[in-house]
Amino acid sequence: MDISLEVIPLPVTDIDRARDFYRDKVGFHVDIDQEVMPGMRIVQLTPPGSGCSIALGDMIWEMAPGPRPAPGSYQGLQLCVADIKAARVELVERGLDVSEPVQYAPDDGATFMYFTDPDGNGWAIQEYRRRATEPLHRVLADLAARER
């Protein structure tokens, strides 16, 4: 059985403000922005090249069992880029307040920068240079083919 992580609901206080932030400053693509059923609006955004999206909605939390997370309570969400310096230049040009890259070790995958959304949800951007030649979707497809 294949199982893929494709959508992460993200708790925010203002859907329009969050949509504009992720679209305009972080560069996510707006896949859906509509009322999917009476009284339930969903905005789904996907980072370029990603197989996983975030979902913003005013009724998402009422449909799932368990506690409703507070806006700003998600920390450690992670994006990956092949060139962190180039990514930072683009993000700063878009108006994103993103930290300088921090290299924790010389290894590939050990350099990060950070930002928060308007509600305080915290994101890390990891440089994984290998993704320039080995996109994750290709690595996973090759792995799945070997397992069959």
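This is a tour of a predicted model, stop by stop, with what to select and what is found there.

**The whole chain**

Start with everything shown as a cartoon. The protein has 4 helices and 8 strands. Followed from the N terminus, the elements come in the order β-α-β-β-β-α-β-α-β-β-β-α. Measured out along the principal axes, the C-alpha atoms occupy a box of roughly 50 × 45 × 25 Å. Colour by accessibility next: 35% of the 148 residues count as buried. Of the contacts with a separation of 6 or more, 52% are between residues 24 or more positions apart.

**The largest nonpolar core**

Select Leu10, Tyr22, Val26, Phe28, Leu56, Phe115 and Trp123. These belong to the largest nonpolar core, which has 23 residues, and they touch the most other members. Now show the elements around them. Helix 1 (15-25), strand 3 (40-46), strand 4, strand 5, helix 3, strand 7 (111-116) and strand 8 each give this core at least two residues. Helix 1 gives the most, with 4 residues.

Keep Phe115 selected and display what surrounds it. Beyond residues up to four places away in sequence, Phe115 touches Phe21, Val26, Leu79, Leu96, Asp97, Val98, Asn121, Gly122, Trp123 and Ile125. Another core, of 5 residues, lies apart from the largest one; Met40, Ile42, Ala55 and Ile60 are among its members.

**Ser53, in strand 4**

Move to Ser53, which is placed in strand 4. Is Ser53 buried or exposed? Its relative accessibility is 6%, so Ser53 counts as buried. Show side chains here: those of Ser53 and Gln44 are joined by a polar contact of 3.4 Å. Not counting residues up to four places away in sequence, Ser53 also touches Glu6, Val7, Ile8, Asp31, Leu45 and Thr46, besides Gln44.

**The largest pocket**

Switch on a surface and look for the largest pocket, with a volume of about 1,100 Å³. To find its centre, select Pro47, Pro48, Gly49, Ser50 and Cys80, which are the closest to it of the 33 lining residues. Then colour the elements that take part. Strand 4 (53-57), strand 5 (77-81), helix 3 (84-93), strand 8 (122-127) and helix 4 (136-147) each supply at least two residues of the lining. Which element supplies the largest share of this lining? Strand 5 does, with 5 residues. Coloured by class, the lining shows 20 nonpolar, 8 polar and 5 charged residues.

**The second largest pocket**

For the second largest pocket, select Asp2, Ser4, Leu140, Leu143, Ala144, Glu147 and Arg148, which line it. Its volume is about 150 Å³. By class, this lining divides into 3 nonpolar, 1 polar and 3 charged residues.

**Arg88, in helix 3**

Go to helix 3 and pick Arg88, which is found there. Its side chain makes a polar contact of 3.4 Å with the side chain of Glu100. Glu100 is also one of the residues in contact with Arg88 once neighbours within four places in sequence are left aside; the others are Val98, Ser99, Pro101 and Met113.

**The loop between helix 2 and strand 5**

The last stop has two residues to select. Take Pro71 first, in the loop between helix 2 and strand 5. Pro71 has 37% relative accessibility and so counts as partly exposed. Add Asp119 to the selection: the C-alpha atoms of Pro71 and Asp119 are separated by 5.8 Å, although the two are 48 residues apart along the chain. Asp119 is in contact with Pro71, as are Pro11, Val12, Thr13 and Asn121, leaving aside neighbours within four places in sequence.

Now select Ser73, which lies in the loop between helix 2 (60-63) and strand 5. Ser73 has a relative accessible area of 39% and is therefore partly exposed. Its side chain reaches the backbone oxygen of Ala70 at 2.6 Å. With neighbours within four places in sequence set aside, Ser73 is in contact with Pro11 and Asn121. To finish, draw a distance from Ser73 to Ala105: the two are 32 residues apart in sequence and 28 Å apart in space, C-alpha to C-alpha.

Definitions and conventions
Residues numbered from 1 in each chain as written. Predicted model: local features only at pLDDT ≥ 70, side-chain atom pairs only at ≥ 80, totals over all residues. Heavy atoms only, no water. 1 Å grid on protein atoms, 1.4 Å probe; cavity = no way out; pocket = protein on both sides within 12 Å on 5 of 7 lines; lining within 4 Å. Points joined across faces, edges and corners; volume = space filled by probe spheres on them. Nonpolar A, V, L, I, M, F, W, Y, C, P; charged D, E, K, R; others polar. Polar contact = N/O pair within 3.5 Å; in protein donor to acceptor, adjacent residues only side chain to side chain. Contact = heavy atoms within 4.5 Å. Buried < 20%, exposed > 50% of the residue type's maximum accessible area, 1.4 Å probe, protein only. Core = buried A, V, L, I, M, F, W, Y, C linked by side-chain atoms within 4.5 Å.
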